[in-house]
Amino acid sequence: MREWIRILGLILLAMFVNRHVNAQSVYAPGEVGKIVLAAYNQNDFSTLDKLATKLRTEKSRTSYGRWNLSDFYDALYRAMLEGREDNSSEQWSKAEGKINRWVAISPQSSTAPIALGTAQTWHAWALRGNGYANTVTPKGWEDLAKHMAIARNTLEANKRISSDDPQWYVVMLHVALAESWKRDQYMALYEEAISKEPLYYDTHLRALERFTPRWGGDIQEIQQFAAIAVKRTAAAEGQALYAHVYWSAVQDIGFKALFAEPYRSSIWVQMKSGFEDVLKKYPDDWNRNVYARMACQMGEVDLFISLARQFNGEPIKSKSAWPGDYFQKCKEYAAALRPNNPL
């Protein structure tokens with residue numbers, strides 16, 4: 001009986017995912033992730049391959065402008081961890097074993113080597129340990145280097161079949177960062193990636209890490225990189241990538257660090273023009289909430305009020321949009337300065 005139930009479950013899963021893979025280009029929020037999780041848990045590698053190929057080919061986006069392909073790989077990463085957050089070596093070993101079966105079953109899959117390289121890079125970090133650099137043991141550094149080299153070999157050996165997927169370059173940039181490639185070599189990889197697909201945001205946001213203070217960069221280098229990224233995407237996206245790059249930088253280094261003088265005004269002008277272009281193409285409430293939060297942090301009360309009045313319902317409560325009671329504080333701040341123009 002249990003075997004029949006299992007078989008019935010697989011049939012229903014196949015009907016569900018095939019209906020989406022074969023026919024649907026617009027996905028509800030979280031839908032891609034659900035398909036990926038179900039397929040991964042059932043070892044349904046064929047569905048994963050079909051869905052990734054479809055998303056990669058059609059370049060469809062979410063309502064807020066992110067590629068659905070990015071959601072696919074985010075969901076695959078979460079599926080590898082099986083809902084856990086310990087990020088342990090044992091967990092990544094298990095994921096590698098499973099994805100190696102995927103590679104063996106589907107040797108022509110362009111997606112499986114990317115998934116395997118992803119698992120191997122994160123396994124390398126788990127072997128290193130989560131502490132600051134000065135707390136890492138010699139063995140931790142050695143294991144990091146060895147396993148990152150394994151990831152690099154996986155990616156390079158499968159470049160011919162996998163690099164038409166822009167995620168291949170995202171993972172390869174991760175390896176390049178961990179291996180401390182020289183700037184020229186690193187930028188050559190980035191240029192190769194965006195020459196093939198300039199509009200895949202994750203490529204730019206991964207490359208940005210190289211220029212943050214954590215990796216020896218500074219605010220000026222972040223600005224210079226943002227200008228390069230925007231130049232390569234302006235024909236299709238306008239100034240939108242400024243918003244994405246600087247918002248990612250805010251998440252990485254914090255608001256005060258990014259908007260320190262003498263760069264505060266110039267970065268905000270660029271970021272604001274970026275948000276305006278984002279909302280022209282993707283007038284999604286998520287984008288509006290994030291823009292409103294930045295407007296409040298920059299003291300642009302009238303802009304904050306204008307954006308908040310356009311929210312479709314309540315403010316979005318999340319760490320990335322409105323954490324804790326931050327919206328209420330912004331609302332009170334605006335009311336104090338504009339008592340005749342309340343929200």
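Student: Let's start with H11 and H12: at what angle do these helices pack, and how far apart are their axes?

Tutor: This is a predicted model, and in it H11 and H12 pack at about 170 degrees, with 11 Å between their axes.

Student: What makes H11 roughly parallel or roughly antiparallel to H12?

Tutor: Set the angle against the cut-off. Anything over 145 degrees counts as roughly antiparallel. The angle here is about 170 degrees, so H11 is roughly antiparallel to H12.

Student: Which residues meet where H11 packs on H12?

Tutor: On the H11 side you'll find Tyr201, His204, Ala207 and Leu208, and they meet Ile222, Phe225, Ala229, Thr233 and Glu237 in H12. Sorted by kind, that contact has six nonpolar residues, two polar and one charged.

Student: Now H10 and H11: how do you know whether H10 is roughly parallel or antiparallel to H11?

Tutor: Use that cut-off again. Helix H10 (residues 183–196) and helix H11 (residues 201–208) pack at about 170 degrees, and their axes are 10 Å apart. Roughly antiparallel needs over 145 degrees, so H10 is roughly antiparallel to H11. In this contact, Tyr186, Tyr190, Ala193 and Ile194 of H10 meet Thr203, His204, Arg206 and Ala207 of H11. They divide into five nonpolar residues, two polar and one charged.

Student: Let's go inside. Which residues have the most contacts in the largest nonpolar core?

Tutor: That core has 102 residues, and the ones with the most contacts inside it are Phe72, Leu76, Leu258, Phe259 and Phe304. Take Phe72: leaving out residues up to four places away in sequence, it touches Val32, Val36, Leu48, Leu51, Ala52, Leu55 and Thr111. As a general point, nonpolar side chains in soluble globular proteins tend to be buried together.

Student: How many aromatic pairs are there?

Tutor: The count comes to 18.

Student: Why is the pair of phenylalanine 275 and tyrosine 291 called stacked?

Tutor: Check the distance, then the angle. Ring centres must lie within 6.5 Å to pair, and planes under 30 degrees apart count as stacked. Here the centres are 4.7 Å apart and the planes differ by 10 degrees, which fits stacked. The pair links phenylalanine 275 in helix H15 (residues 264–281) with tyrosine 291 in helix H16 (residues 285–297), 16 residues apart. Both of these residues, phenylalanine 275 and tyrosine 291, are buried.

Student: And what makes phenylalanine 304 and tryptophan 322 a stacked or an edge-to-face pair?

Tutor: Their centres are 6.1 Å apart, and their planes stand at 70 degrees. Planes over 60 degrees apart count as edge-to-face, so this pair is edge-to-face. Phenylalanine 304 sits in helix H17 (residues 301–308), while tryptophan 322 is in the loop between H17 and helix H18 (326–337). Phenylalanine 304 and tryptophan 322 are both buried. They also belong to one aromatic cluster, with Phe311, Tyr326 and Phe327.

Student: How do you know whether threonine 154 is buried or exposed?

Tutor: Buried means under 20% relative accessible area. Threonine 154 has 10%, so it's buried. Threonine 154 is in helix H7 (residues 138–157), and beyond its sequence neighbours up to four places away, it touches Pro113, Leu116, Gly117 and Gln120.

Student: What does tryptophan 215 count as, with 27% relative accessibility?

Tutor: Partly exposed covers the range between under 20% and over 50%. At 27%, tryptophan 215 falls in that range, so it counts as partly exposed. Tryptophan 215 lies in the loop between H11 and helix H12 (219–237). Apart from neighbours within four places in sequence, tryptophan 215 is in contact with Trp125, Leu177, Glu209 and Arg210.

Student: What is unusual about the phi of lysine 59 and of serine 180?

Tutor: Most residues other than glycine have a negative phi. Lysine 59 has a positive phi of about 55 degrees, and serine 180 also has a positive phi of about 55 degrees.

Student: Are lysine 59 and serine 180 exposed or partly exposed?

Tutor: The exposed class starts over 50%. Serine 180, at 57%, is therefore exposed, but lysine 59, at 41%, is partly exposed. Lysine 59 is in the loop between helix H3 (45–58) and helix H4 (68–81), whereas serine 180 is in the loop between helix H9 (166–178) and H10.

Definitions and conventions:
Residues are numbered from 1 along each chain as its sequence is written. This is a predicted model: local features need pLDDT of at least 70, side-chain atom pairs count only at pLDDT 80 or more; totals for chains, interfaces and linings use all residues. Side-chain values use heavy atoms; hydrogens and water are left out. Axes are lines fitted to C-alpha atoms, for helices over the stretch in contact, and angles run from 0 to 180 degrees between N-to-C directions. Helices (H or I, at least four residues) and strands (E, at least two) are DSSP runs, numbered from the N terminus. Angles under 35 degrees count as roughly parallel, over 145 as roughly antiparallel, 65 to 115 as roughly perpendicular and the rest as oblique. Contact means heavy atoms within 4.5 Å. Ala, Val, Leu, Ile, Met, Phe, Trp, Tyr, Cys and Pro count as nonpolar, Asp, Glu, Lys and Arg as charged, and the others, Gly among them, as polar. A nonpolar core is a set of buried Ala, Val, Leu, Ile, Met, Phe, Trp, Tyr and Cys residues joined through side-chain atoms within 4.5 Å. Buried means under 20% relative accessible area, exposed over 50%, partly exposed in between (1.4 Å probe, protein chains only). Rings of Phe, Tyr and Trp (its six-membered ring) pair if their centres lie within 6.5 Å; planes under 30 degrees apart count as stacked, over 60 as edge-to-face and the rest as tilted.
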